[in-house]
Amino acid sequence: MTKEDWTGRTLELEVGAVAHGGHCVSRSDNRVVFVRHALPGELVLAEVTEDNGGSFCRADAVQVLRPADERVTPPCPLAAPGGCGGCDWQHASPNYQLELKAMVVAEQLQRLAGITREVRVEALPGGPLGWRSRVRLVAGRDGRAGLRAHHSHDVVAVEECPISIPGALDEALDRKWRPGTEIEITLDGSSRSHMRELATVKGKTRGKQLSGGTAFQHAAGRDWRLDAHGFWQVHPDAADTLAGVVREWADAPVGGRAWDLYAGVGLFASVLAEQVGTGGEVLAIESGRQAVIDGRENLADLPQVSWQCGRVESLLEEATAPVDVVVLDPPRKGAGKAVVETIVAGQPDRIVYVACDPAALARDVATFAEHGYGLTDLRAFDAFPMTHHVECVALLS
């Protein structure tokens, strides 16, 4: 039997718990409704925005009939139904945002890994606005640069972005672009601006550098030069903060062996190299060719670091010798069973797992547990204020 399509329908909903993904859970007629722009405990009128006919649908809270005490006026007028999709929690007080994210991390660990643990999300310096150092804009039909709406290809024109570093977008927003053009902007640690234009030709995306190109950063006690549009933490304080936790928890022995998986340009490899010393070994594996080039140049003074370029799951099969410590910072989908099983085959004493997605982290933690590695410690950081994203670091032993 075909279910009625609820798209466009307005529902009066009692809003339940926060869920992973920037929304809260509600129910109507035995169906789950994921509601954006709402907070737990509120009574709202919500308009259904997406219904694929399954057991759930998605909706936006278009009117709040009973607001939560933690509700505030969003600092950006586009953080509303039909507006920009970049922020999820501008309508929640900054402290409550930390609580919401902590609830999500705890729920994912409990549901996916069977771990009941109190979680605290720590704020990074600088506050919830003016932190974002890289943004991708897209030109709308009128040639004005903007941001995409939530779950949509529609372009919402913007005059400013309050979560971005002030002034970072000015040059791109002042210009007219060919409709559909994507523009990447990065502001590095030296306040240098880097901008490139992206075009897709025959299915391949090509970039044209318009300004800058080589970013300068400082973290883990070192200066870094790297591709401005390659991987680096978006929050200015995130890289140094995460490197500090890795330094404390990895505690690699002098003369020991360590792996840095999904190594980027070698931020964590540099920390491990200092710990093992010149008599030790650090294997850094990274799939991005330019990142490996940049990593080799940045860590040229650390001969104990060796680099391999390729997929972690393929290259790890060759690294069978015992290892003392493993640090991994996988993409949003997580490491996966094959990588986890190869890591534990090396019998490390400690594993430091840096994760940008709590669900992927919880799934991998459950797999590690199957092989005798338990969650010893966990820290979570609000490296993406106003959004639903949260950065976690887990210690397994």
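In this predicted model, the sulfur of C57 lies 15 Å from the closest cysteine sulfur, that of C24, which is too far for a bond. A disulfide would need the two sulfur atoms within 2.5 Å. C57 is also buried, because its relative accessibility is 1%. C76 is in no disulfide either, the nearest cysteine sulfur being that of C84, at 6.7 Å. With a relative accessibility of 12%, C76 counts as buried as well. The structure as a whole holds zero disulfides.

**Helix packing**

Three helix pairs are described here, and the table lists how their axes are arranged.

| Helix pair | Axis separation | Crossing angle | Handedness |
|---|---|---|---|
| Helix 1 (residues 94-113) and helix 8 | within 8 Å | roughly 35° | right-handed |
| Helix 3 (residues 238-250) and helix 4 (residues 267-276) | 10 Å | about 35° | right-handed |
| Helix 7 (residues 337-345) and helix 8 (residues 358-370) | within 10 Å | roughly 40° | right-handed |

Helix 8 takes part in a contact with helix 7 and in a contact with helix 1. The axes of helix 7 and helix 8 cross at roughly 40°, so helix 7 is oblique to helix 8. Helix 7 contributes K337, V340, I343 and V344 to this contact, while helix 8 contributes D364, T367 and F368. By class, the residues of the contact are four nonpolar, one polar and two charged.

Which residues of helix 8 meet helix 1? They are P358, A359, A362, R363, V365 and A366, and their partners in helix 1 are V104, V105, Q108, L109, L112 and A113. The residues of this contact divide into 10 nonpolar, one polar and one charged. The charged residue is R363 of helix 8 and the polar one is Q108 of helix 1.

Helix 3 and helix 4 pack with their axes 10 Å apart. On the side of helix 3, the contact is made by A239, L242, A243, V246, R247 and A250. On the side of helix 4, L267, F268, V271, L272, E274 and Q275 take part. This contact has nine nonpolar, one polar and two charged residues.

**A238 in helix 3**

A238 belongs to helix 3. Is this residue buried or exposed? A238 is buried, because its relative accessible area is 2%. Leaving aside residues up to four places away in sequence, A238 touches L124, Q233 and A383. A238 can also be placed relative to the buried cysteine C57: the two residues are 181 positions apart along the chain, and their C-alpha atoms are separated by 35 Å.

**E12 in strand 1**

E12 lies in strand 1, which covers residues 10-14. E12 is exposed, because its relative accessible area is 56%. Residues up to four places away in sequence being left out, E12 touches L43, V44, L45 and L65. The C-alpha atoms of E12 and A46 are 6.4 Å apart in space, although the two residues are 34 apart in sequence.

**Two loop residues with positive phi**

Most residues other than glycine have a negative phi. H37 and Q347 are two residues with a positive value.

H37 has a phi near 65°. H37 sits in the loop between strand 4 (31-36) and strand 5 (43-50). H37 is buried, because its relative accessible area is 8%.

Q347 has a phi near 55°. Q347 is found in the loop between helix 7 and strand 20 (350-355). Is Q347 buried or exposed? Q347 counts as exposed, because its relative accessibility is 58%. The loop that holds Q347 follows helix 7, the helix that packs obliquely on helix 8.

Definitions and conventions:
Residues are numbered from 1 along each chain as its sequence is written. This is a predicted model: local features need pLDDT of at least 70, side-chain atom pairs count only at pLDDT 80 or more; totals for chains, interfaces and linings use all residues. Side-chain values use heavy atoms; hydrogens and water are left out. Axes are lines fitted to C-alpha atoms, for helices over the stretch in contact, and angles run from 0 to 180 degrees between N-to-C directions. Helices (H or I, at least four residues) and strands (E, at least two) are DSSP runs, numbered from the N terminus. Angles under 35 degrees count as roughly parallel, over 145 as roughly antiparallel, 65 to 115 as roughly perpendicular and the rest as oblique. A crossing is left-handed if the near helix is turned anticlockwise from the far one by less than a right angle, and right-handed if clockwise. Contact means heavy atoms within 4.5 Å. Buried means under 20% relative accessible area, exposed over 50%, partly exposed in between (1.4 Å probe, protein chains only).
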